[in-house]
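Visitor: Could you take me closely through one part of this structure, the place where its domains meet? I would like a connected account rather than a list.

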Amino acid sequence: MIPVKAYAANTATTPLAPFGFDRREVGPKDVLIDILYCGVCHSDIHQARDEWGGSIFPMVPGHEIVGRVSKIGKDVKQFNVGDLAGVGCFVDSCRTCVNCQEGLEQYCEKGMVGTYNGRDKEGAPTYGGYSSKIVVDEQYTLHISSNLQLERVGPLLCAGITTYSPIMHWNIGNGHKVGVLGLGGLGHMAVKFAVSLGSEVTVLSSSKNKEADAKKLGAHHFAHTGNEATMKSLRSHFDFIIDTVSAQHDLNLYLGLLKRDGTHIVVGVPPAPEPVHHFSLIGGRKKLGGSLIGGIKETQEMLDFCAERNIMSDVEVIAMKDINGAYERMLKNDVRYRFVIDMATL
Ligand code: NAP
Ligand code: ZN
């Protein structure tokens, strides 16, 4: 077994604290990654606080992992010791269902194995990236370009792919008016991708003080969602809205901002369901869709796209011991725009 240092939530109501556990030995198809950085996703908070139900404790969160390969199994073909490597939101899936076969492992019919808060095929709980090392099958491991700044890459593994995948699926690009609802970790990546693909992007934010940042990220317009006159002026305006909000909000209001045949895509996961009035959809033949992270193939594509276009997350690097304060700041919408843990501080 491989001893590992980590931070864990022991219950849904206790702060994260130091924790030790063992990773499995490196199997024939596994790589051992020494973790250098791990991004902090709002899903880490939802799950550490059991807001979605069914959380497994103790929990070591973290699914935006980058590091360096320090050992490989005898049958590993795609990685060498010393390579940079990334791990996103899942570390296994059934590999045989139609979705796995199509490279959409996130929709595995048997359920993907989450990087943390999941159970592996032996039923053992999985532990995530707020830790010193991780052992992962090479098929679920990503290649990271050395041209990117490593501390800014981790967030691409979840915030990046979660916004890239729906943008690609719905062919969002040139000529589209796109609203990005919520400017946090996911939102700021959605802005970068949509702008890079030629869309006219408006940030829709509940925080008045994010306008300058929105423009710096490349957004063409900014709208404060608390301003009634602004919201009225945006009625029937957007082809797409990418909704990254992590808390309760009125979907009907935002469906009203779509043009005829427009699409509202939810990626944010508030703890409770949001009511949708059917009139919000039938008046204007609108669509409400959703999207979950992305498959391994598409995640690699996204990482390569980012390396080509020099797209990275805007991050604030923190020490491991400051994780609980970072959670509090995220809950106050005070993140610019992703916290990333420097694992050297563990
Ligand atoms: P985050 O960095 O905390 O950003 C969330 C943003 O939502 C905030 O910055 C804020 O933006 C807005 N917001 C928060 N509370 C609000 C409220 N009460 N009313 C209106 N707006 C509010 O979170 P994140 O890491 O980007 O994650 C966002 C959501 O996506 C989470 O629910 C997370 O679990 C989910 N997620 C889903 C997937 C997927 O595969 N679908 C993957 C990863 C994460 P403004 O200040 O601009 O309003
Ligand atoms: Zn995430």
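Guide: What follows is a look at the contact between the domains, with a short turn to the interior at the end. The model is a predicted one, and the domain assignment of the chain divides it into domain 1, made of residues 2–158 together with 314–345, and domain 2, which covers residues 160–290. Taken over C-alpha atoms, the centres of domain 1 and domain 2 lie 28 Å apart, and the contact between them draws on 14 residues from domain 1 and 19 residues from domain 2. Putting domain 1 and domain 2 together buries an area of about 1,400 Å² between them, and carbon and sulfur atoms give 49% of that area.

Turning to the polar side of this contact, one counts 14 residue pairs in polar contact between domain 1 and domain 2, with both residues of a pair at pLDDT 80 or more. The side of domain 1 that touches domain 2 is made up, by class, of six nonpolar, three polar and five charged residues. The count of salt bridges between the two domains is two. D314 forms a salt bridge with K192, in which the closest N and O atoms are 2.6 Å apart.

As for enclosed space, the model has one cavity of 30 Å³ or more, and the volume of the largest cavity is about 60 Å³. Its lining consists of G88, C89, F90, L142, L157, I161, I293, G294, I296 and T299; by class, these lining residues comprise seven nonpolar and three polar residues, with no charged residues.

Note on methods: Residues are numbered from 1 along each chain as its sequence is written. Chains are lettered from A and ligands numbered from 1 in the order in which they are written. This is a predicted model: local features need pLDDT of at least 70, side-chain atom pairs count only at pLDDT 80 or more; totals for chains, interfaces and linings use all residues. Side-chain values use heavy atoms; hydrogens and water are left out. Domain bounds come from an automatic or database domain assignment. Contact means heavy atoms within 4.5 Å. Buried area is the accessible area (1.4 Å probe) that two parts lose on being put together, summed over both. A salt bridge is a side-chain nitrogen of Lys or Arg within 4 Å of a carboxyl oxygen of Asp or Glu. A polar contact is a pair of N or O atoms within 3.5 Å; within protein, one must be able to donate a hydrogen and the other to accept it, and residues adjacent in sequence count only if both atoms are side-chain atoms. Ala, Val, Leu, Ile, Met, Phe, Trp, Tyr, Cys and Pro count as nonpolar, Asp, Glu, Lys and Arg as charged, and the others, Gly among them, as polar. On a 1 Å grid over the protein atoms alone, a cavity is a set of points where a 1.4 Å probe fits but cannot get out, and a pocket is an open set with protein on both sides within 12 Å along at least five of seven lines; lining residues have an atom within 4 Å of a point. Grid points are joined across faces, edges and corners, and a volume is the space filled by probe spheres set on the points.
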